[in-house]
Structure formats: structure tokens, C-alpha cells
Amino acid sequence: MCGLAGVLNNEFPVEAGQLAAICRKVSFRGPDSSRQRLYDKGLHPADRGNTAVFFNRLAIIDLDARSNQPFEDDRYTLVFNGEIYNYRSLKDELKAQGFSFRTTSDTEVLFYALQRWGADALKRINGMFAFCWLDRTERRFILSRDRVGIKPLYYRQHGKSLIFSSELDSVLRLSPDRPGIQPAAIHQFLQTQFIPTPFTIIRGVFKLPPGHYLQGSWDQLEQAKPLAPQAYWDAYDQAIIPPDPGSRSDPADLERILVDTLSRQMVADVPLGLFLSSGVDSSLLTALVNKHFAASGDVNLFTVAFTEDTVSDESRDAGEFIKGFNNPHLHPHRLVIDPSVIGGHLDRMYDYFDEPFGDQTSLLNWVISIKAKEFVTVALSGDGADELFWGYGRYGQWRDASLTLPGNRSVSRQMGSFLRPFLPSGYWRSSAALQLEKDPVKRHFNLFASPVMTQLEEKAVWQYPIWALAGIDRIRHRDDLVSLLDVKTYLADAMLHKVDRASMAASLEVRVPYLDNTVIDYSLSLPLSEKSDAVYRHKAILKKLLTRLAPHYPVDRPKKGFNFPLDSWLRNHWCDKTRQLIDKDTLTALGLEAKPYLDIVKRYYAGDKNNCIPVWYLLNLALWYRKYKDIIPQQPA
């Protein structure tokens with residue numbers, strides 16, 4: 001887990017001091033080593049140059065300085081953020097082909113794999129990653145990102161230059177100007193709480209889609225030819241592969257796959273632990289660790305507890321679950337959180353979150369990561385299981401569309417359509433339009449939208465050329481369409497965005513075993529009936545395996561929300577800040593018509609709770625904009 005950035009073929013030579021200053025701004029992504037390299041127009045090492053890269057390292061595998069980055073020889077340069085989980089098998093293959101290794105790192109394995117196979121190496125890699133690889137002799141390069149977007153990678157093609165980074169902020173600082181705000185992205189954010197790939201909040205800066213790579217040469221840059229991302233893996237392609245007629249799913253198959261996954265993802269040269277809630281996903285990982293791994297060494301388990309009574313406190317349930325194994329090698333840790341500390345982090349949130357983001361649990365994740373970092377450098381998490389194994393409650397709402405009426409009563413789609421004209425207000429009529437949408441793709445996006453915001457937007461998210469909609473007709477007919485869309489929207493642009501930014505703010509690496517290549521492929525091959533059946537509406541196969549491994553787990557226990565008292569904080573502790581930051585000048589600078597959004601804030605503080613989430617979104621926009629104004633682009637020395 002690290003941070004990388006660079007500029008290829010810059011318009012003017014970059015000075016070492018300039019690059020080092022930008023590198024220091026994001027040192028939290030890798031506090032163990034920070035290094036820069038500059039190359040002249042001939043791509044030879046120099047003290048100043050038109051091509052420059054930097055890397056901040058969080059050392060996980062091979063802690064020796066020999067594995068620091070940029071990793072290079074007299075021809076090639078690599079900056080790589082992430083982990084290659086199958087690096088040992090790839091290393092054996094490369095050794096058999098004559099490559100000699102001087103480190104024990106996965107970085108060197110990727111370095112030689114790209115030399116041997118070029119972009120074809122991407123199909124061989126199992127891991128989470130974002131990287132840039134330079135062939136300075138042939139004057140060509142490859143940038144790439146892992147299958148589902150666990151690691152971030154932004155890029156901007158500006159004139160004859162290519163700028164890239166793990167952080168959007170670094171792209172702006174490496175640019176010769178400050179590009180403007182993208183109004184379309186703001187509307188997308190207000191509708192969904194995140195900005196869908198490939199868009200960013202900045203005009204002309206893009207997220208490289210997961211499962212894609214960008215390949216080019218200095219000749220192409222000199223001619224200012226646009227570079228187009230190319231796919232090496234696609235969830236939709238994987239999902240439509242016909243299943244083997246002779247195969248059948250069995251919890252034992254899933255156990256074998258997850259054990260194999262954990263055997264790779266529990267490799268580290270630093271302390272490692274596991275985040276444990278009371279939910280199915282992390283409990284299953286814990287049960288597997290208990291059965292297959294704990295006998296060979298102690299395992300740290302981290303559970304969140306709060307200083308005040310709240311339904312989000314899962315520490316008692318998790319503690320009872322651990323006790324049920326009667327295994328002295330399982331070491332529970334209660335990460336006790338004071339809610340006032342969480343609220344106090346708001347002002348610094350956009351030091352680490354580089355785009356507006358609407359999930360308030362990001363503050364919780366950040367504080368929890370800080371606590372866990374006191375014990376470990378790597379933590380395993382259960383993220384990704386909800387999307388892959390039909391875990392969200394809204395999936396049932398998507399499949400069996402119904403209308404929620406005032407008073408939290410629910411009626412069928414047919415009855416809801418009849419009642420819609422008689423609903424009491426514009427809010428409820430707008431809510432009905434969202435919930436009763438017949439088109440399955442549109443209904444997916446509607447489940448994120450606030451009725452307050454949709455009344456203001458002229459263009460819906462699905463009307464933009466977002467990455468998730470490319471090739472959507474291949475899967476439009478599927479009964480699990482909503483979860484497949486989630487893999488390319490909510491998972492990539494919200495959940496993984498949150499996990500990366502919150503953990504990296506604490507210099508903590510978080511690994512996600514459910515997003516291992518083998519688990520993803522297995523999940524996408526399963527019919528929906530294996531994930532949602534008559535006994536278990538959600539995560540059926542996960543629950544069946546968990547009951548085998550941990551019969552003491554109460555599998556029918558309702559899922560608890562991992563949440564934060566947002567309404568209370570907005571109305572009390574953050575009231576003055578919110579009203580001060582969401583003003584006419586800021587909204588206008590963001591490209592929004594100020595009056596209707598100021599009215600939302602006014603109605604909220606007059607007591608209308610329907611406006612709570614919209615006000616939170618607007619506050620995040622304002623907080624991000626305050627940071628954006630202070631970012632200074634590089635200038636010729």
C-alpha cells in the first residue's frame with residue numbers, strides 16, 4: 001500500500017525540489033521511504049527533467065531498502081502501489097525462464113513480469129495494484145489498475161504530457177495549470193454520493209477504469225495523440241460465461257477457494273490482523289482463520305466499540321463469537337471510539353479524500369484505521385462480499401419493486417402506481433417515481449438517489465457515458481443485474497474508494513480477500529439461486545459455510561448498521577460550520593444554481609429531516625472546494 005505519481009514528457013523541466021515537495025504532501029500513503037527520479041528528454045537520469053516519478057512506500061513485503069521504489073535498472077522503471085498475491089508462483093516461472101532476483105519482494109516480480117510479457121502479464125496477476133512501468137530504451141509505458149479498482153489511479157493527458165497519480169490532488173499539483181471543475185461530476189455526486197468512473201470532479205482528469213491499462217509511447221505523446229484505456233478483464237464478460245453443466249456449487253468448494261486466498265493474503269513481513277464485526281462476511285473469514293491458520297501463530301482481531309450506547313457497537317456480539325472457538329491463538333482487540341473524536345476529524349477529511357464523497361461512515365473508517373495502526377500494519381477486511389454474494393437489502397427492493405409510503409408502510413408496485421398521484425407532497429411523488437421505475441438499470445441508480453436532489457437535476461446518471469454502462473445490454477436481462485452493476489459502480493467508486501482513503505490516511509494497508517481473483521470468478525459463475533434462496537435471502541452460500549465452521553454463530557441475527565449519528569452532528573456540532581460553508585459564492589463556483597440548494601439547507605434546519613443527506617452532500621462539496629482552492633500547480637522554476 002503506497003502512493004505513486006509522475007509526469008511523462010512535461011512541457012518544461014521539473015526540478016528535484018518541486019517534485020520532492022509534491023511527494024511530501026502525500027507521505028501518509030507511504031511513510032517508510034520517499035524517493036523521486038527525474039529523466040531528461042533522452043530518458044536518462046538527471047537532476048531535472050521533463051519526465052519525473054515519485055513513490056512513497058509503506059513497506060510490507062521485503063522491508064529492506066533494496067525493494068524501495070522507484071524500482072529500476074539501466075532500462076526500466078517501475079512505481080507500483082499494492083500487492084501481488086501470486087508473486088511466488090510468478091517468480092518461480094520467471095526464474096525458470098532465466099530471470100535472476102536480488103530481492104524477496106513482489107515489486108521485483110512485477111518488474112520482470114512486465115519485461116517478459118508486457119501488457120499480457122496483467123492477465124496472470126492476482127492482486128490489488130496500480131502501477132506505471134517505463135521502458136526508457138523503447139520509450140514506451142504501461143499504466144494499469146487491478147480488476148475491481150481496489151487501488152486508485154488518476155490520469156490527465158494535457159497537451160503533449162501524461163500526468164498520473166494515486167491521488168487526484170497530486171495530478172493537480174503536477175499540472176502546469178489548475179483545470180476547472182466538471183459540473184457533470186457534481187450532478188452525478190449529488191445523485192449517487194460518489195462520482196462514477198471514468199469521471200472525476202475535475203475536467204479532463206479521469207479515473208483509469210478497473211481491469212484496464214493505458215499503453216503508449218513518447219512518440220504518441222509528442223504528437224498529442226489521445227490514449228484510450230484498454231480492458232484486460234471485465235466483470236460482465238466473466239458473468240456471461242456459461243457454467244460447466246457438470247459442476248455444482250457446494251460450501252466446501254467455497255471453503256477451499258477462501259483458504260487458498262487467505263494463504264496468499266496473510267503473507268506479510270509486518271504485523272497483520274483482521275477487522276471483525278458481528279456480520280457474516282468478517283465472521284466467516286475469522287472462522288476460516290481459526291480452523292486453518294491460527295494453530296501456526298497468533299491472530300489479532302479488531303472490533304469496534306463505542307464509549308456511548310449505540311446499535312453500531314458490535315463488540316459484545318463479536319466477543320462472544322470469538323469465545324465460542326475457545327482458541328487461545330485468537331486475540332481480540334476492542335477499538336474503543338469516542339463519537340466526539342469522529343466528529344472532530346471532519347475538518348481534516350479532505351486532506352485525504354481527494355474527491356467529494358457522501359458516505360459518512362468514511363469518518364468512522366478513518367478513526368478505526370488509526371486505532372488499528374497502533375497494533376498492525378496490515379488488516380484483512382470483509383469488503384466486497386455484499387456485492388458478490390447478494391448481500392444488500394436494497395437488492396430485494398430492486399428485484400421486487402415496491403413503494404414505501406409515509407409511516408414506513410410498503411405497498412406493491414401496482415398499488416403504488418395507483419396511489420402515486422394522490423401522495424401528499426412533491427417529495428413523496430418524486431420518491432415514488434424513483435422506487436417504481438420499470439427499467440432495471442435506471443432503478444439501480446434510483447436506489448441511491450435522494451428525492452430532494454432528483455427534483456433539481458435535469459440529467460440522470462445513466463445519461464452520462466459512465467464506465468459501468470458500456471456493454472450493459474449483455475447483462476440487462478439477468479436477475480442479478482443490480483449486483484453486477486454494483487461491482488462497477490458502488491464497489492469500485494464508493495466502498496473501495498472509502499477503504500483506500502480512510503486506511504491510507506492512517507498508513508494502514510487493508511486487504512480484501514473476497515476480491516481475490518479466484519473468489520470473484522467463483523462468485524460470478526454462481527447463479528443467483530446459490531446466493532439468495534428460500535432459507536437465506538442474502539449470502540446463502542456464505543451463511544451455509546459459516547454454520548458449518550461456527551455452529552455457535554447466530555446466522556439469523558439481523559444485520560447491524562455500521563453508522564454514525566449524522567443528523568445529530570449536522571444539527572448541533574456542525575451547524576455553524578455547515579451554514580457558513582454552504583453559501584451562495586461556493587455553490588456558484590461549483591456551477592450550481594444557489595437558491596434551490598440554499599433552500600434545502602434552510603428547510604433542513606427548520607426541521608425537515610428529508611433534507612439531512614442532501615445537506616451532508618452539500619457540506620462535503622464545500623469542504624472539498626475549500627481544499628481545491630488551495631492547491632497550487634507546478635510552475636517553471
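**Exercises on a predicted model**

Of the 222 residues in the largest nonpolar core, Phe131, Leu190, Phe389 and Leu570 touch the most other members. The structure examined here is a predicted model.

**Exercise 1. The nonpolar cores**

Task: Determine which helix gives the largest share of the largest nonpolar core, and list the contacts of Leu570 beyond its neighbours within four places in sequence.

Solution.
1. Helix H27, spanning residues 612-628, supplies the largest share of this core, with twelve residues.
2. Once neighbours within four places in sequence are set aside, Leu570 contacts Cys575, Thr578, Tyr604, Tyr605, Cys612, Val615, Trp616 and Leu619.
3. Another core, of six residues, lies apart from the largest one; Leu403, Leu405, Ala432 and Leu436 are among its members.

**Exercise 2. The open sheet**

Task: Establish the strand order of the six-stranded open sheet and explain why one side of S6 and of S14 is left without a neighbour.

Solution.
1. The order of the six strands is S6-S7-S8-S9-S13-S14, and their pairing is antiparallel.
2. Strands S6 (71-72) and S14 (230-231) are at the edges and have a single partner strand each, so each has one side without a neighbour in the sheet.
3. Within the sheet, S7 (residues 76-84) and S8 (residues 127-135) run antiparallel and are joined by nine bridges.
4. In this pairing, Thr77 is located opposite Leu134 of S8.
5. Helix H3, residues 106-117, lies across S6, S7 and S8 and runs at about 125 degrees to S7.

**Exercise 3. Packing of H8 and H9**

Task: Classify the relative orientation of helices H8 and H9 and describe the residues that form their contact.

Solution.
1. H8 (residues 251-265) packs with H9 (residues 280-292) at an angle of about 80 degrees, the axes being 11 Å apart.
2. Angles of 65 to 115 degrees count as roughly perpendicular; H8 and H9 are therefore roughly perpendicular to each other.
3. From H8, the contact involves Glu255, Leu258, Val259 and Leu262; from H9, it involves Leu284, Leu285, Leu288, Val289, Lys291 and His292.
4. Sorted by class, the residues of this contact are seven nonpolar, one polar and two charged.

**Exercise 4. A threonine in a loop**

Task: Locate Thr377 and decide whether Thr377 is buried or exposed.

Solution.
1. Thr377 belongs to the loop between helix H12 (361-372) and strand S18 (378-380).
2. The relative accessible area of Thr377 is 12%. Buried means under 20%, so Thr377 is buried.
3. Neighbours within four places in sequence aside, the contacts of Thr377 are Leu58, Ile60, Val270, Pro271, Leu508 and Glu509.

Technical notes
Residues numbered from 1 in each chain as written. Predicted model: local features only at pLDDT ≥ 70, side-chain atom pairs only at ≥ 80, totals over all residues. Heavy atoms only, no water. Pairing = 2+ DSSP bridges. Helix = DSSP H or I, 4+ residues; strand = E, 2+ residues; numbered from the N terminus. Contact = heavy atoms within 4.5 Å. Axes fitted to C-alpha atoms, helices over the stretch in contact; angles between N-to-C directions. Buried < 20%, exposed > 50% of the residue type's maximum accessible area, 1.4 Å probe, protein only. Parallel < 35°, antiparallel > 145°, perpendicular 65-115°, else oblique. Nonpolar A, V, L, I, M, F, W, Y, C, P; charged D, E, K, R; others polar. Core = buried A, V, L, I, M, F, W, Y, C linked by side-chain atoms within 4.5 Å.
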